[in-house]
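User: Please take a close look at a single part of this structure. I would like to know how that part sits among its surroundings, and then how it fits the wider picture.

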Amino acid sequence: MRSNSYIQIAKLLSIWTLVLLAGCAREEVEPLGEEGVYDEIYLNIRLDIDNGGTESRANRPIEDGEITVDGTVNENVINSLQLFWKENGVWRMLNLGAADLASIRNGKSIKIAFDKDDYPALEQEGIKMWLGANLSTAQAEAFMTDNGVYRLTAATWAGELAPMYSDFTGRSDIAMFCAESGTTRLVANSQDDEYSISFRLKRLVAKVLVACKADEDGYANTPNTKNGLDGWIKRSEVQYTLNGVNKSTYIMQQVQDGTDYDANVTDPNQNLQDYANLYDADNETSYLTLINGDFYYYNVTNLMQNAGLYRDAAPVDENANYTAGIYCPENTFDAVQDAGNLSDNPSAWGMVTSVSIKAKFTPRRLNVEGGLFDYILSHNAADLTQSVKNAVQELKTDVESRFTISENEAYGVVCPTEAVAKAFLKYSLVYNNFLTNEIQADNGFPDETYFYHSENNEYYTYGAAKINLGATGNTTELGNYQPYYDGWGFYYTYIDNRLDSSKNGNFTFYRHGQVERNRYYILTVNSFSSPGSSVGDANYVEVNTNVLPWKNGGKGEITLE
């Protein structure tokens with residue numbers, strides 16, 4: 001008789017995932033280890049990974065010659081399994097690691113053999129069990145203790161439940177857990193004490209993607225009118241990240257029908273009312289301390305200093321074959337009945353998961369200092385091509401036809417190309433000896449920085465802003481002339497988790513802005529109508545987000561204002 005469990009190969013699975021497909025052939029092979037072992041209890045485990053009830057690329061066998069989509073395979077990889085049950089009120093767990101599951105990677109399922117002497121309680125039908133996949137020791141222990149709550153403790157949420165990004169840098173799999181417990185059933189006509197059990201696994205994270213529409217030259221849509229956003233935004237310079245990410249999650253999703261919030265899913269940080277009650281616009285310290293204890297939250301300054309958090313927005317795919325995204329834990333909550341002072345907070349609420357979007361804008365209409373024309377025309381540099389200088393000369397001639405140009409005055413121009421506008425922005429800083437590669441430095445600004453005066457909706461080079469302000473020397477304090485460092489503007493929005501059928505009335509983010517595990521949210525940026533915000537509070541935009549299962553496709557369209 002053996003003292004340890006062992007694994008016997010039992011059923012054929014998909015060639016490249018652990019998803020058990022209907023109609024698979026049974027293949028009997030010899031158990032691993034000693035032959036002729038008797039007095040065992042056998043448990044056949046049937047697995048399915050929840051992909052929203054659809055058979056997507058991620059859970060189909062590869063056809064001959066088929067090209068797989070990057071980013072889907074790892075979302076279904078299982079490197080370990082954790083089986084839980086109780087005996088006499090005490091939790092038991094069996095962990096099947098990489099060596100145990102090596103056969104699965106060759107296209108097999110598993111059949112576990114338990115020694116009757118070691119596991120006598122399993123020699124009967126009706127044993128309730130739970131199954132996890134890719135759980136760490138701490139996560140497995142959290143399920144069996146602490147009311148099933150796991151708390152993220154790292155500096156970011158990357159790697160604890162999943163990698164942060166769908167390129168799977170730093171982690172090769174995603175933590176999963178069964179959507180509901182399973183119960184053992186005796187296998188009919190079996191010659192052994194053989195039982196079966198089935199589980200449906202859900203990933204413990206959601207995935208969020210931002211896509212951006214662009215023209216054939218790769219530029220995002222802007223109104224290009226005098227009173228609107230007139231200039232250039234490259235789709236390749238539109239990026240996004242997540243904010244207000246939850247630091248606590250239940251290992252097993254807690255679904256409660258009939259509740260008064262839209263996700264019908266309980267969360268360890270369920271009560272947002274406590275945060276709202278604490279908020280004081282005149283003293284945010286206590287509020288932010290509480291927020292940062294329970295959520296990963298960044299203000300605009302933090303986001304600007306953590307550019308590595310961002311990923312490029314995807315090009316719009318008319319067939320909706322998206323796979324990329326940023327993973328994050330579930331974040332659901334009860335509706336806030338009284339937002340109090342927090343209703344006037346212009347920033348994203350730190351306890352509601354939001355999407356931060358940043359875009360680099362180059363304004364077409366600029367106010368430039370008079371001395372800049374001749375400086376560019378007389379200066380030699382690789383980016384000051386002859387076509388750029390010719391355009392600057394034409395603009396100078398146009399200004400001269402209306403004014404006597406003075407070095408101490410600023411003049412409005414309409415740049416014919418993005419390269420000309422960038423030349424004015426950069427060489428104004430060079431001309432004033434105030435160019436730096438650093439963000440928010442005391443000794444200058446990056447080369448594509450423009451200065452926006454929101455009251456008159458006009459854009460300035462550094463020298464023109466300084467002239468209008470009456471500054472006699474270089475300074476980073478330019479009053480209402482707000483610097484957009486290196487051209488980046490910031491926006492934020494929330495995710496509407498409601499089903500399409502329930503989207504009646506206006507979206508209320510502190511009721512509807514929830515994020516559920518195992519869902520894929522895709523937001524599409526249709527156009528930009530404002531430069532966003534810089535060092536102040538990010539601009540809010542409304543979003544209509546479809547609720548998507550974990551599958552390719554879906555849409556939610558945004559105009560960033």
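Analyst: The part chosen here is helix α7, whose buried residues are Glu418, Val420, Ala421, Lys422, Ala423, Phe424, Leu425, Tyr427, Ser428 and Leu429. The model is a predicted one. Because ten of the 14 residues of α7 are buried, the helix is largely enclosed by the rest of the structure. The buried list includes nonpolar names such as Val420 and Leu425, but Glu418 and Lys422 are on it as well.

In extent, α7 runs over residues 418–431. From the first C-alpha to the last the helix reaches 20 Å, close to the 20 Å expected at 1.5 Å a residue.

One residue of α7 leads into the interior of the protein. Phe424 is among the residues with the most contacts inside the largest nonpolar core, which has 126 residues. Others with the most contacts there include Ile45, Leu83, Trp157 and Phe528. A second core, of 19 residues, lies apart from the largest one, and Tyr279, Ile291, Val336 and Trp349 are among its members. As a general tendency, nonpolar side chains in soluble globular proteins are buried together.

What comes after the helix? α7 is followed by Asn433, which has a positive phi, near 55°. Leu435 belongs to the loop between α7 and β25. Is Leu435 buried or exposed? Neither word applies, because its relative accessibility is 35%, which counts as partly exposed. Leaving out residues up to four places away in sequence, Leu435 touches Leu429 and Val430 on one side of the sequence and Phe445, Pro446 and Asp447 on the other. Leu429 is one of the buried residues of α7, and by touching it Leu435 makes contact back to the helix. The C-alpha atoms of Leu435 and Tyr462 are 9.9 Å apart, with their positions 27 residues apart along the chain.

Phe445, touched by Leu435, deserves its own step. Phe445 has a relative accessible area of 0%, so it is buried. Its ring takes part in an aromatic pair, and the structure holds 32 such pairs. The partner is Tyr485: the ring centres are 5.7 Å apart and the planes stand at 40°, so this pair is tilted. Phe445 is in the loop between α7 and β25 (450–453), and Tyr485 is in the loop between β27 (481–484) and β28 (488–494), so the pair ties together parts that are 40 residues apart in sequence. Tyr485 has 8% relative accessibility and therefore counts as buried.

A little further along the chain is Asn457, in the loop between β25 and β26 (458–460). Its phi is near 55°, a positive value in a residue other than glycine. With a relative accessible area of 23%, Asn457 is partly exposed. Asn134 also has a positive phi, near 60°. Asn134 sits in the loop between β6 (128–133) and α1 (137–144), but at 5% relative accessibility it counts as buried.

Some features elsewhere help to place the helix and its loop in context. Aromatic rings also gather in a cluster formed by Phe84, Trp91, Trp130, Phe143 and Phe177. Phe177 is named, like Phe424, among the residues with the most contacts in the largest core. Charged side chains meet rings too: Arg311 lies over the face of Tyr165, 3.4 Å from the ring centre, and the charged end of Lys358 sits over the ring of Tyr310, 4.7 Å from its centre.

Loop residues can be fully covered, and Val352 is a case in point: its relative accessibility is 0%, so it counts as buried. Val352 lies in the loop between β21 (326–329) and β22 (354–363). Beyond its neighbours within four places in sequence, its contacts include Asn243, Leu272, Phe333, Tyr494 and Phe509. Its C-alpha is 8.2 Å from that of Asn246, although the two are 106 residues apart in sequence.

For the protein as a whole, there are nine helices, α7 being one of them, and 31 strands. Of the 561 residues, 54% are buried. Among contacts with a separation of 6 or more, 76% join residues 24 or more positions apart. The protein exposes about 24,200 Å², of which carbon and sulfur atoms supply 42%.

Notes:
Residues are numbered from 1 along each chain as its sequence is written. This is a predicted model: local features need pLDDT of at least 70, side-chain atom pairs count only at pLDDT 80 or more; totals for chains, interfaces and linings use all residues. Side-chain values use heavy atoms; hydrogens and water are left out. A nonpolar core is a set of buried Ala, Val, Leu, Ile, Met, Phe, Trp, Tyr and Cys residues joined through side-chain atoms within 4.5 Å. Buried means under 20% relative accessible area, exposed over 50%, partly exposed in between (1.4 Å probe, protein chains only). Helices (H or I, at least four residues) and strands (E, at least two) are DSSP runs, numbered from the N terminus. The expected span of a helix is 1.5 Å times one less than its number of residues. Contact means heavy atoms within 4.5 Å. Accessible areas come from the Shrake-Rupley method with a 1.4 Å probe; for residues, only the protein chains shown count as cover. Rings of Phe, Tyr and Trp (its six-membered ring) pair if their centres lie within 6.5 Å; planes under 30 degrees apart count as stacked, over 60 as edge-to-face and the rest as tilted. A charge sits over a ring if NZ of Lys or CZ of Arg is within 6 Å of the ring centre and within 35 degrees of the ring normal.
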